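Open your viewer and have the selection panel ready. We will start with a single residue, widen out to the whole chain, and then walk through the sheet and the core.

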Amino acid sequence: DGEFSVLAGTDQAGLDSRDDLETITINAGRYLVFHGQGEMPQTVIETWSKVWQYFSDPNPDYRRTYEIDFEYYPGPDEVKIHIAVE
């Protein structure tokens, strides 16, 4: 249906059921993904620096929509920052 849900901000410890969670929906769209791997939280800081550097270029290949940005952590030392683009 062009949308997907994510579990954010919890490790699920102490939850009686998934009904205790608030649902957010991230719309399908185009995202530029910046990948970082290394010691946390430094790798997140460095990866966001890459995002800001990329979009500080006056003529980047992609333009931000400023609608949705989100971080995905596929492992304990890895982050993928998704930036919505046109």
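On this tour, contact means heavy atoms within 4.5 Å. The model you are looking at is predicted.

**First stop: T43**

Select T43, which is found in helix α1, residues 42-56. Is T43 buried or exposed? T43 is buried, because its relative accessible area is 4% and buried here means under 20%. Now show the residues around T43: leaving aside its neighbours within four places in sequence, T43 is in contact with G36, Q37, G38 and V79. Keep Q37 on display, since its backbone nitrogen is reached by the side chain of T43 at 3.2 Å.

**Zoom out: the whole chain**

Switch to a cartoon of the full protein. You will find one helix and five strands, and from the N terminus on they run β-β-β-α-β-β. Colour by burial next: of the 86 residues, 24% are buried. If you turn on a surface, about 6300 Å² is exposed, with carbon and sulfur atoms supplying 46% of that area. For a contact map, take the contacts with a separation of 6 or more: residues 24 or more positions apart account for 48% of them.

**The sheet**

Select β3, β4 and β5 together. In what order do the strands of this open sheet lie? The order is β3-β5-β4, and the pairing is antiparallel. β3 and β4 (64-75) stand at the edges, each with a single partner strand, so one side of each has no neighbour in the sheet. Look at the twist as well: neighbouring strands here are turned against each other by 20 degrees on average, direction ignored.

Now take the strand pairs one at a time:

- β3 and β5 are joined by seven bridges and run antiparallel. Pick L32 to find it opposite I83 in β5.
- β4 and β5 pair in the antiparallel sense over six bridges. Pick F70 here, and H82 in β5 stands opposite.
- Follow the chain from β4 to β5 and you trace a hairpin, with two residues between the strands.

Stay on β5 for a moment. This strand is mostly covered, with seven of its eight residues buried.

**The helix on the sheet**

Bring α1 back into view. The helix packs on the sheet and touches β3, β4 and β5. The direction of α1 makes about 145 degrees with that of β3.

**Last stop: the core**

Show side chains for L32, F34, V44, W48, V51, F55, V79, I81, I83 and V85. These ten residues form the largest nonpolar core. Which elements each supply at least two residues of this core? They are β3 (31-37), α1 and β5 (78-85). Two members will look familiar: V79 is a contact of T43, and L32 is the residue opposite I83.

Finish by selecting V85. Not counting residues up to four places away in sequence, V85 touches R30, Y31, L32, F55, Y62, R63, R64 and T65. Among these, L32 and F55 are also members of the core.

Technical notes
Residues numbered from 1 in each chain as written. Predicted model: local features only at pLDDT ≥ 70, side-chain atom pairs only at ≥ 80, totals over all residues. Heavy atoms only, no water. Helix = DSSP H or I, 4+ residues; strand = E, 2+ residues; numbered from the N terminus. Buried < 20%, exposed > 50% of the residue type's maximum accessible area, 1.4 Å probe, protein only. Polar contact = N/O pair within 3.5 Å; in protein donor to acceptor, adjacent residues only side chain to side chain. Core = buried A, V, L, I, M, F, W, Y, C linked by side-chain atoms within 4.5 Å. Areas by Shrake-Rupley, 256 points an atom, 1.4 Å probe, with all protein chains shown as cover. Pairing = 2+ DSSP bridges. Axes fitted to C-alpha atoms, helices over the stretch in contact; angles between N-to-C directions.
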